[in-house]
Amino acid sequence: MSSPTRPARQQQIMKPPDRVITGLHCSLFSDFDIGLFQQGKHYRLYNHLGAHVVTFNGIRGVYFAVWAPAANFVSVTGDFNRWAKAENPMLPRWDNSGIWEIFIPGVKTGSLYKFHIQNGSGYAGDKADPYGFEMEISPGTASRVFSSVFSWADELWLSKRGRSNAADKAMSIYEAHLGSWRRVPEEGNRWLTYRELADRLPAYASELGFTHVELMPVMAHPFYGSWGYQITGYFAPASRLGSPDDFKFLVNELHKKNIGVILDWVPSHFPGDENGLHFFDGSYLFEHADPREGYHPDWHSYIFNYGRHEVRAFLISNALYWLEEFHIDGFRVDAVASMLYRDYSRKEGEWLPNKFGGRENLEAIDFIRELNSSVHRYFPGTVMIAEESTAFPGVTGSVAEGGLGFDFKWMMGWMHDTLAYFSREPVFRYYHHDQWTFSIHYAFSEKFILPLSHDEVVYGKGALVRKMPGDEWQKMAGLRLLYGYMFGHPGGKLLFMGDEFAQFREWHHDSSLDWHLLQQPLHREIYCLIKDLNRLYNDQPALYENNYTPAGFEWIDLNDKDNSVICWMRKSKNPDDYLIFIAHAAPQVLCDYQVGVHEMRYFEELLNTDHYGGSKTGNGGTLIPQNHRMHGRSYALHLTLPPLALIVLKPMARVPA
């Protein structure tokens with residue numbers, strides 16, 4: 001009998017394994033595949049499980065395979081057999097793998113299907129395919145047979161990415177929710193499709209100078225209001241915006257604009273939808289049976305059983321699938337803290353300790369290390385980012401040295417302290433000066449990204465600009481100062497959509513951003529500031545070469561709480577190349593403010609946030625230090641500090657003796 005074949009794939013990064021026939025029926029599994037699967041070491045299960053268009057014995061059809069070890073009957077039901085539950089029964093493999101499979105002639109791309117599963121305990125249910133590549137548009141819950149015909153054109157991007165080291169380059173991330181970034185009000189306020197987004201989002205992000213976009217989860221999620229964090233189809237982009245090939249088109253266009261694509265990914269929990277992973281074959285297959293381990297009280301969802309080999313293989317295969325099939329450049333892994341600790345958000349008696357009596361989830365820790373090692377092994381140049389809110393050690397440490405192996409971690413402490421400080425009336429900032437400076441004490445303990453994310457502009461928290469005290473002028477000035485401080489602080493940057501033009505309204509997933517605000521001068525100036533801050537970040541090695549090491553930062557003065565002023569240096573690997581930042585968080589102009597410098601050089605004011613819709617106070621022309629000591633340095637610059645503003649100075653030629 002001949003081996004099954006499928007249509008050629010474009011730009012395959014990893015060659016799929018050979019298709020083989022085992023026994024007397026069509027199968028995409030070899031004994032070697034099964035062994036890897038049962039050991040949790042098969043990282044390309046998407047080439048085997050699910051629905052695959054193949055040719056078997058000269059007949060075109062679809063090979064279906066599903067893992068359901070507790071079942072005693074499984075069939076494929078779909079629009080091609082009138083959803084009959086008994087017409088296409090699957091055969092269990094003879095190797096105790098729990099895998100059922102069948103080849104059905106004549107089934108075509110686009111056909112809808114589910115797996116009908118029964119077990120000996122009286123369970124019967126119809127489940128979507130855990131490895132389904134496309135899902136029916138909600139409220140439909142079926143999987144759809146899909147075979148890609150997309151041709152990639154991002155070879156140059158991928159070749160550069162594979163040689164890159166993100167830790168010594170600028171990383172400025174624009175976070176977006178695709179369903180609400182922009183709507184079409186004249187057509188019932190509908191969202192843009194992936195292809196319509198591809199016409200607008202890449203050019204917009206590029207114009208602003210962002211190096212990456214981070215997309216809130218695009219994986220299939222029937223409940224739109226979950227923003228993608230309640231996933232039922234881990235291998236399928238949300239169909240409400242288009243097909244998988246349409247999403248590839250969006251990624252391709254972003255890459256053509258030299259913008260990396262980071263996906264939000266949720267390996268921490270999954271919803272209890274009847275058609276999803278929960279109680280999949282009438283047993284607790286993907287989750288723990290004991291709710292003290294398997295149920296998440298905050299999100300009313302279910303926690304993956306990381307100790308089960310096949311579940312680890314499912315999740316790692318899922319990550320590699322998006323990297324291979326969709327050329328994704330990395331993941332922001334959601335809710336890592338909930339994975340690391342068994343007692344996360346639980347009271348005493350509501351959780352089970354590990355085998356040593358501790359609170360750490362040892363199986364989850366092993367899974368995370370294996371995940372990050374696999375991603376970096378197979379896809380060099382991609383990045384793994386942890387949304388992790390605790391002091392768990394070594395989140396960005398190497399696996400070889402006992403760390404978790406992430407490339408970056410969100411700096412949640414910086415975000416909380418910074419927003420708390422900036423939300424205070426300037427007159428009270430004197431008493432909270434340390435909230436502005438404390439983050440440097442731990443800034444280099446991990447490789448951090450500074451997040452001003454969607455979480456800070458929802459659930460009554462208000463837009464970023466509304467967190468600033470005072471009248472409209474002061475709010476805008478405070479926001480400009482916040483952004484200048486963020487870009488001057490060590491670490492990568494992340495900004496949520498709408499914040500780049502000071503959206504006043506809190507974000508809501510059912511509404512478009514308020515794009516009309518860009519026509520108003522103060523909002524347009526915020527947009528221009530973000531554009532110039534990104535340009536500064538990308539152009540100045542002092543802001544990225546030593547971004548994650550103490551060698552790249554030096555305080556000049558962090559103690560002037562009387563004036564609410566801090567000043568510091570950012571330094572590149574070249575000792576002659578540095579920038580000086582002076583941030584002033586009070587609403588008065590400070591004249592003849594002295595800042596110590598260590599050498600007699602000309603300085604220029606490279607950027608001043610007060611010039612973007614403010615009073616335009618500043619230090620034009622060339623600045624020359626005076627020969628007297630200040631801040632423990634031999635010379636002093638005499639400056640005018642604008643109100644609620646940040647200025648950036650760059651040394652130029654040396655002053656002749």
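**Figure 1. Contacts of Phe-247 in the predicted model.** The model shown here and in the other views is predicted. Outside its neighbours within four places in sequence, Phe-247 contacts Tyr-194, Leu-215, Val-218, Pro-237, Leu-263, Trp-322, Phe-326 and Ile-328. Phe-247 belongs to the largest nonpolar core, a set of 186 residues. Together with Phe-64, Phe-247 has the most contacts inside that core. Helix 7, residues 309-325, gives the most to this core, with 10 residues. In soluble globular proteins, nonpolar side chains tend to be buried together.

**Figure 2. A second, separate core.** This core holds 18 residues. Among them are Tyr-578, Phe-603, Leu-641 and Leu-649.

**Figure 3. Arg-161 in helix 2.** Helix 2 spans residues 155-162 and includes Arg-161. Arg-161 has a relative accessible area of 9%; it counts as buried because that value is under the 20% cut-off. Residues up to four places away in sequence are not counted in its contacts. Arg-161 touches His-327, Ile-328 and Asp-329. It also touches Phe-379, Pro-380, Gly-381 and Thr-382. Ile-328 is a contact of Phe-247 as well.

**Figure 4. An open sheet of 4 strands.** The strand order is 3-4-7-6, and the pairing is antiparallel. Strand 3 (50-56) and strand 6 (91-92) stand at the edges. Each has a single partner strand, so one side of each is left without a neighbour in the sheet. Strand 3 pairs with strand 4, residues 59-67, over 7 bridges in the antiparallel sense. Within this pair, Val-53 has Val-62 of strand 4 as its bridge partner. In a regular strand the side chains alternate between the two faces of the sheet.

**Figure 5. Strand 5 and strand 8.** Strand 5 covers residues 71-78, and strand 8 covers residues 112-119. The two run antiparallel and are joined by 7 bridges. Val-76 stands opposite Phe-115 in strand 8. Strand 5 is mostly covered, with 6 of its 8 residues buried.

**Figure 6. The cis peptide bond before Pro-139.** The bond from Ser-138 to Pro-139 is cis, with omega near 15°. Pro-139 sits in the loop between strand 10 (134-135) and strand 11 (143-144). Most residues other than glycine have a negative phi, and most peptide bonds are trans.

**Figure 7. Positive phi at Asn-189.** Asn-189 is not a glycine, and its phi is positive, near 60°. Its loop lies between strand 13 (183-184) and strand 14 (190-191). Asn-189 counts as partly exposed, at 31% relative accessibility.

**Figure 8. Positive phi at Phe-279.** Here too a residue other than glycine has a positive phi, near 50°. Phe-279 lies in the loop between strand 18 (260-265) and helix 6 (291-294). With a relative accessible area of 25%, Phe-279 is partly exposed.

**Figure 9. A nonpolar patch on the surface.** Val-427, Phe-428, Tyr-430 and Tyr-431 form this patch. Together they have about 460 Å² of accessible area. Tyr-431 is placed in the loop between helix 10 (412-422) and helix 11 (434-437). Its relative accessibility is 60%; Tyr-431 counts as exposed because that value is over the 50% cut-off.

Note on methods: Residues are numbered from 1 along each chain as its sequence is written. This is a predicted model: local features need pLDDT of at least 70, side-chain atom pairs count only at pLDDT 80 or more; totals for chains, interfaces and linings use all residues. Side-chain values use heavy atoms; hydrogens and water are left out. Patches are made of residues with over 30% relative accessible area and no salt bridge: like charges are joined within 9 Å, nonpolar side chains (Val, Leu, Ile, Met, Phe, Trp, Tyr) within 5 Å. Accessible areas come from the Shrake-Rupley method with a 1.4 Å probe; for residues, only the protein chains shown count as cover. A salt bridge is a side-chain nitrogen of Lys or Arg within 4 Å of a carboxyl oxygen of Asp or Glu. Buried means under 20% relative accessible area, exposed over 50%, partly exposed in between (1.4 Å probe, protein chains only). Two strands pair if DSSP finds at least two bridges between them. Contact means heavy atoms within 4.5 Å. A nonpolar core is a set of buried Ala, Val, Leu, Ile, Met, Phe, Trp, Tyr and Cys residues joined through side-chain atoms within 4.5 Å.
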